[in-house]
Amino acid sequence: MIGIVIADRFVEALHAFTGQRAVAVATRHPEKAAVFAAKHGIPTVHASVDALVADPEVDAVYVATPHPSHREQALAAMAGITSIPTLMAFRDGYLVYREAG
């Protein structure tokens, strides 16, 4: 998971209604990420998107940051992970699609 801005309900639903687990989080504010991770039972906090993407336990990334960050973060995540659910403006979504090839 990249960011924690809109992620509380997402993680709660993910853990309550699926067999999937959030295993790592990365954000610009490690102290806030640590509190978020503890609240949701997420074992790992990373200091960067690159570290999160390099984590062998991570097989999908949910981008939970403000919209202006989605494009850059989705592209960074695509460098190593194929599943990146995010909500973004149509224009940014199209640009990410084009750049991903």
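## Exercises on helices α1 and α2

H15 sits in helix α1, which spans residues 8-17; the model used throughout these exercises is a predicted one.

**Exercise 1.** Determine whether H15 is buried or exposed, and list which residues it contacts beyond its neighbours within four places in sequence.

*Solution.* Begin with the accessibility: the relative accessible area of H15 is 16%. Because buried means under 20% relative accessible area, H15 counts as buried. Then turn to the contacts, where, once the neighbours within four places in sequence are set aside, H15 is in contact with Q20, R21, A22 and H40. One of these partners, H40, belongs to the buried residues of helix α2.

**Exercise 2.** Classify E12 by its accessibility, and work out how it is placed with respect to H40 in sequence and in space.

*Solution.* E12, too, is located in helix α1. Its relative accessibility is 40%, and since the partly exposed class lies between the limits of 20% and 50%, E12 counts as partly exposed. In sequence, E12 and H40 are 28 residues apart, while their C-alpha atoms are 7.4 Å apart in space. The contacts complete the step: not counting residues up to four places away in sequence, E12 touches K39 and H40.

**Exercise 3.** Identify which residues of helix α2 are buried, explain why they can be assigned to the same side of the helix, and state which elements they pack against.

*Solution.* Helix α2 covers residues 30-40, and its buried residues are A33, F36, A37 and H40. They are on the same side of α2 because they cover an arc of only 100° around the axis. This buried set packs against α1, β1 (24-26) and β2 (44-46). The face turned away from the buried side carries the exposed residues E31, V35, A38 and K39. Just after the helix, G41 takes a positive phi of about 70°.

**Exercise 4.** Place these helices in the chain by giving its secondary structure pattern, its buried share and its accessible surface.

*Solution.* Start from the inventory, which comes to five helices and two strands; read along the sequence, these follow the pattern α-β-α-β-α-α-α. Of the 101 residues in the chain, 39% count as buried. The accessible surface is about 6,200 Å², and 57% of it belongs to carbon and sulfur atoms. Finally, consider the contacts between residues at least 6 apart in sequence: 43% of them join residues at least 24 apart.

How values were computed
Residues numbered from 1 in each chain as written. Predicted model: local features only at pLDDT ≥ 70, side-chain atom pairs only at ≥ 80, totals over all residues. Heavy atoms only, no water. Helix = DSSP H or I, 4+ residues; strand = E, 2+ residues; numbered from the N terminus. Buried < 20%, exposed > 50% of the residue type's maximum accessible area, 1.4 Å probe, protein only. Contact = heavy atoms within 4.5 Å. Areas by Shrake-Rupley, 256 points an atom, 1.4 Å probe, with all protein chains shown as cover. Arc of directions from axis to C-beta.
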